Amino acid sequence: MRLRLPAEVLAFADRGPAWAAYVAALPGTLADLLAEWALTATGEMWWGHASVVLPVLDDAGVEVVLKVAFPDLETQHEALALQHWGGRGAVRLLRADPRRRAVLLERLARTDLTDLWDVHACEAAAGLYARLHVPAPPQLLRLTDHVGRYADPLRALPPQAPLPRRMVEQCLSLLRDLGTDERSTGVLVHGDLHYENVLADPRHEGEWLAIDPHAMSGDPHWEPAPLLWNRWEELHGDVRGGVRRRFHAVLDTAGLDEDRAVAWTVVRQVLNVLWLVQDAVAAGRSLDVEQRTMVTRMLSVAKAVQE
Ligand SMILES: Nc1ncnc2c1ncn2[C@@H]1O[C@H](COP(=O)(O)OP(=O)(O)OP(=O)(O)O)[C@@H](O)[C@H]1O
Ligand SMILES: [Mg+2]
């Protein structure tokens with residue numbers, strides 16, 4: 001049986017040759033995995049920004065999901081991290097083929113943290129940190145190596161780049177300090193813990209589980225930033241108040257150090273801007289309206305946590 005890909009998944013191919021190859025291979029990859037792992041597809045395919053997720057039954061008739069992700073650095077260690085957590089704080093991994101970036105996962109509810117009041121949602125996400133932030137397996141990319149690669153490109157940004165020089169200098173100085181601090185690595189961080197990557201645990205009423213890690217060996221203070229820049233419209237213009245409310249909800253729930261969380265958040269926000277600029281340069285275009293809006297958002301978060 002050849003699975004039909006939804007139009008939104010077919011459109012991933014427009015992102016470039018590597019994505020086109022991923023999309024072209026998907027029907028075959030999914031069909032092979034269904035056969036090899038004795039799974040039966042039961043419904044429409046779901047997808048995220050970088051994967052497809054197929055609801056399936058396993059050979060015992062249990063509802064599970066098959067995920068096949070785009071092979072990049074961010075998805076590289078999904079299986080390893082999930083295996084390491086063993087269902088504690090994160091979705092349970094049932095089977096994996098890292099070469100094909102395929103994982104078989106327990107089926108969670110389709111309810112995520114987007115419908116909870118944002119402060120409660122931040123508390124729910126931060127409530128997972130204690131279980132997720134365990135000693136990291138040694139194979140993982142080190143957070144300091146990951147961010148350290150961007151010092152030179154940051155320094156090389158032209159003066160007309162949409163990033164105030166003061167913030168570039170601040171980020172470079174933080175990268176120097178954090179890069180030599182032994183607390184900056186060693187903890188398994190999820191790396192992409194935003195509202196849609198936390199799903200309701202069907203086995204335990206009111207409990208949540210993380211999915212979709214971009215795992216690294218890092219510092220727990222790297223974790224809060226995606227809770228600040230997502231669900232932006234709900235801040236209703238009160239960026240400073242709203243971001244700070246979320247930030248402090250996370251710090252209080254997880255018992256994080258404020259100065260360290262500010263430092264890593266500033267680094268993360270500045271690097272997000274650098275990556276937007278790099279994407280535009282790679283595409284041979286200047287930033288479009290959407291990208292400029294994101295730049296403003298990223299810099300507003302960096303300012304709000306420091307006020
Ligand atoms: N174990 C699961 N049970 C139920 N639904 C799931 C499960 N894993 C993923 N999903 C759903 O599939 C979709 C994509 O999942 P996931 O977040 O893993 O993909 P992604 O492409 O890596 O996402 P992102 O957009 O965050 O990069 C989401 O809507 C998610 O809710
Ligand atoms: Mg996701």
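In the predicted model, a backbone N or O atom of E106 lies 2.9 Å from a nitrogen atom of ligand 1. Two side chains also approach the ligand through polar atoms: an N or O atom in the side chain of K67 is 2.7 Å from an oxygen atom of ligand 1, and a side-chain N or O atom of R110 is placed 2.9 Å from an oxygen atom of the ligand. Taken alone, ligand 1 exposes 620 Å², of which the protein buries 90%. The surroundings of the ligand comprise 21 residues, and H49, S51, K67, R110 and D212 are those that come nearest. Several strands contribute to this shell, with strand 2 (46-47), strand 3 (51-57), strand 4 (63-69) and strand 6 (102-106) each supplying at least two residues.

R110, described above for its contact with ligand 1, is also placed against an aromatic side chain, since its charged end sits over the ring of W46 at 3.6 Å from the ring centre. A comparable arrangement is found at W19, where R15 lies over the face of the ring, 4.3 Å from its centre.

The model contains 6 aromatic pairs. One of them is formed by F12 and W19, whose rings are arranged edge-to-face, with 5.7 Å from centre to centre and an angle of 75° between the planes. With a relative accessibility of 4%, F12 falls below the 20% cut-off and therefore counts as buried; W19, at 14%, is likewise below 20% and so is also classed as buried. A further edge-to-face pair is made by W222 and W264, with the ring centres 5.6 Å apart and the planes at 90° to each other. Because W222 lies in the loop between strand 10 (216-218) and helix 9 (225-229), whereas W264 belongs to helix 11 (residues 258-282), this pair ties together parts that are 42 residues apart in sequence. Both W222 and W264 are buried. F12 and W19 are in addition members of one aromatic cluster, which they form with Y22 and F70.

The loop between strand 10 and helix 9 also holds H221. With a relative accessible area of 9%, below the 20% cut-off, H221 is therefore buried. The side chain of H221 takes part in a polar contact of 2.6 Å with the side chain of D219, and it reaches the backbone nitrogen of D257 at 2.9 Å. D257 is in turn found at the start of helix 11, where one of its side-chain oxygens comes to within 3.4 Å of the backbone nitrogen of D259.

Helix 11 itself is mostly covered, with 18 of its 25 residues buried. At 1.5 Å a residue, the 25 residues of this helix should span 36 Å, and the end C-alpha atoms are indeed 36 Å apart, so the expected and modelled spans agree. Just after helix 11, G284 adopts a positive phi of about 70°.

Technical notes. Residues numbered from 1 in each chain as written. Chains lettered and ligands numbered in written order. Predicted model: local features only at pLDDT ≥ 70, side-chain atom pairs only at ≥ 80, totals over all residues. Heavy atoms only, no water. Phe/Tyr/Trp six-rings, centres within 6.5 Å; stacked < 30°, edge-to-face > 60°. Buried < 20%, exposed > 50% of the residue type's maximum accessible area, 1.4 Å probe, protein only. Helix = DSSP H or I, 4+ residues; strand = E, 2+ residues; numbered from the N terminus. Lys NZ or Arg CZ within 6 Å of the ring centre and 35° of its normal. Expected span 1.5 Å × (residues − 1). Polar contact = N/O pair within 3.5 Å; in protein donor to acceptor, adjacent residues only side chain to side chain. Near = heavy atom within 4 Å. Areas by Shrake-Rupley, 256 points an atom, 1.4 Å probe, with all protein chains shown as cover.
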